[in-house]
Amino acid sequence: MRVAMIGAGYVGLVSGTCFADFGHSVICVDTDAAKIDNLRAGRLPIYEPGLDQLVAANMRQGRLGFTTDLAAAVADADAVFIAVGTPSRRGDGHADLTYVHQAAAQIAAALTRYTVVVNKSTVPVGTGDQVERIIRETNPAAEFSVVSNPEFLREGAAIEDFKRPDRIVIGAGDARAQEVMRDLYRPLFLNQAPLVMTGRRTAELTKYAANAFLAMKVTFINEIADLCEQVGANVQEVARGIGLDKRIGGKFLHAGPGYGGSCFPKDTLALVKTAQDYGSPVRLVETTVAINDARKRDMAARVIAACGGDVSGKRIAILGLTFKPNTDDMRDAPSIVIINELQAAGASIAAYDPEGVDQARQVLRDVDYAADPYACAAGADALVIVTEWDAFRALDLNELRSRLRSPALIDLRNIYPPEDVADAGLRYWSVGR
Ligand code: NAD
């Protein structure tokens, strides 16, 4: 099948490349000409493990191309995916659908024959109806169906998630569109990926419900971690004790500095707004959002407390800036709030991240970027692990202690056994244990 993927970001580039790898013929379209030039030259705009080889292999086979010419890509396509950003709208937290609406109008003008327009972006209930209306108004003669096919991949494991998903959700009203979607995903059904074929509104809401549930699960264990600290219990053992119950499941039960990233913060907020608009508030999610916001600030307060209640004039070393390991994505990363709060309290910041520094430079000010974890620790009054990159899991703690001015390690991801840290002569704070 011929596929046009509108938006060559984290989702569009991974999905487009994986569809090409299944044997479809894929053109990824982006308005960002520099991004397209780089992709054509084999340079990827994002860090995602394994993606560079998969892009190169499929370009070589002639199944994957990149263009800024949306009209040409759409005119030839059996299916056009919309995979543009849907950030929080400034001021009110609703999803900003500007890019989706623009893409819909551009697609409409370029349709030449029956085409399935697939919304892969995360969009509020009813956006499929809007896209349909925009296309019909822009091009009344167009033959098309609008389908919702939300994406559940995780950055850092995106290829594996796309190729071996827990499920594929397709919201399509008519049989013709359903058939095209089945053909597109047929290679995955061979891997027995369950297909949830449903209505468009249900598919749209399913994505938000999934993200909100996961955000709630993280927030739940974070509150249990706080309680563990007060009562002398260990949150990792509590998480194991509850997670082995199949009704609960062990994933997303790691206590830490609060969820961040390009999806959970904006999607929980957008769901809250949609629910309020429909007079059916989702109070658990409202509370989750508030707790998580407060938690990021509280992490900075913990660092300040570990430094004796005052960080003014002190140097704090931060390990890990991205919102999670194995990505360069800095969107809504907890590190941003933590660093801003520490700077506001008078600290100077050194930081190290394996892949996130280019993006970090765009959102953080006055940070000294170090070449490795040990250089980061040099002369610091405390070392804070914010993101659990594998490279931080087996650091030479004695070497770190010798580099630090004051031997304090604040581990917001619980990646060290407290005994090991104590043996190295470091004072240690972790989360919920
Ligand atoms: P992104 O910002 O990385 O990529 C979006 C791309 O779309 C950008 O490169 C932008 O230049 C391009 N674009 C915008 N308007 C365009 C147009 N009219 N024509 C062509 N290109 C256009 O965003 P992302 O992280 O890939 O997210 C895309 C959507 O997928 C969002 O709705 C997001 O919520 C959802 N999603 C993201 C993830 C994730 O892990 N990042 C996971 C699941 C779902």
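Here are legends for a set of close-up views of this structure, which is a predicted model.

**View 1. The ligand and the residues around it.**
Start with the ligand and look at its neighbours: the shell holds 25 residues, and Asp-30, Lys-35, Thr-86, Glu-155 and Lys-266 come nearest. Sort the shell by class and you get nine nonpolar, nine polar and seven charged residues. Two helices to look for here are α1 (10-21) and α5 (98-110), as each of them supplies at least two residues of the shell.

**View 2. Polar atoms that meet the ligand.**
Now zoom in on some individual atom pairs. In Thr-86, a side-chain N or O atom sits 2.6 Å from an oxygen atom of the ligand. Gln-106 also brings in its side chain, with a polar atom 2.9 Å from a nitrogen atom of the ligand. With Thr-122, look at the backbone instead: one of its N or O atoms is 2.9 Å from a ligand oxygen. How much of the ligand does the protein bury? On its own the ligand would expose 830 Å², and the protein buries 90% of that.

**View 3. Asn-149, tucked into a loop.**
You'll find Asn-149 in the loop that links β6 (144-148) to α7 (158-163). Is Asn-149 buried or exposed? Its relative accessible area is just 1%, so Asn-149 is buried. Check what its side chain touches, too. One polar contact, at 3.0 Å, goes to the side chain of Lys-120. A polar atom of the Asn-149 side chain also lies 3.0 Å from the backbone oxygen of Val-169.

**View 4. Strands β12 and β13, side by side.**
Here you can follow β12 (residues 382-385) as it pairs with β13 in the parallel sense, over three bridges. To trace one link, start at Val-384 and cross to its bridge partner in β13, Ile-410. Then look at both faces of β13 (residues 408-411), because each one is covered. Ala-408 and Ile-410 are buried on one side, and Leu-409 and Asp-411 are buried on the other.

**View 5. Two asparagines with a positive phi.**
This view takes you to two loops. Asn-326 is in the loop between β9 (315-319) and α13 (334-344), while Asn-414 is in the loop between β13 and α17 (418-423). Asn-326 isn't a glycine, yet its phi is positive, at about 65°. Asn-414 isn't a glycine either, and its phi is also positive, at about 55°. What about their surroundings? Asn-326 has a relative accessible area of 31%, so it counts as partly exposed. For Asn-414 the value is 7%, which means that this residue is buried.

**View 6. Cysteines without a disulfide.**
How many disulfides does the model have? The count is zero. Take Cys-376 as an example of why: the closest cysteine sulfur, in Cys-307, is 14 Å from its own sulfur, which is too far for a bond. A disulfide would need the two sulfur atoms to be within 2.5 Å. Cys-376 is buried, at 1% relative accessibility. Another one to find is Cys-228, which is buried as well, at 4% relative accessibility.

How values were computed
Residues are numbered from 1 along each chain as its sequence is written. This is a predicted model: local features need pLDDT of at least 70, side-chain atom pairs count only at pLDDT 80 or more; totals for chains, interfaces and linings use all residues. Side-chain values use heavy atoms; hydrogens and water are left out. A residue is near a molecule or strand if one of its heavy atoms lies within 4 Å of it. A polar contact is a pair of N or O atoms within 3.5 Å; within protein, one must be able to donate a hydrogen and the other to accept it, and residues adjacent in sequence count only if both atoms are side-chain atoms. Accessible areas come from the Shrake-Rupley method with a 1.4 Å probe; for residues, only the protein chains shown count as cover. Helices (H or I, at least four residues) and strands (E, at least two) are DSSP runs, numbered from the N terminus. Ala, Val, Leu, Ile, Met, Phe, Trp, Tyr, Cys and Pro count as nonpolar, Asp, Glu, Lys and Arg as charged, and the others, Gly among them, as polar. Buried means under 20% relative accessible area, exposed over 50%, partly exposed in between (1.4 Å probe, protein chains only). Two strands pair if DSSP finds at least two bridges between them.
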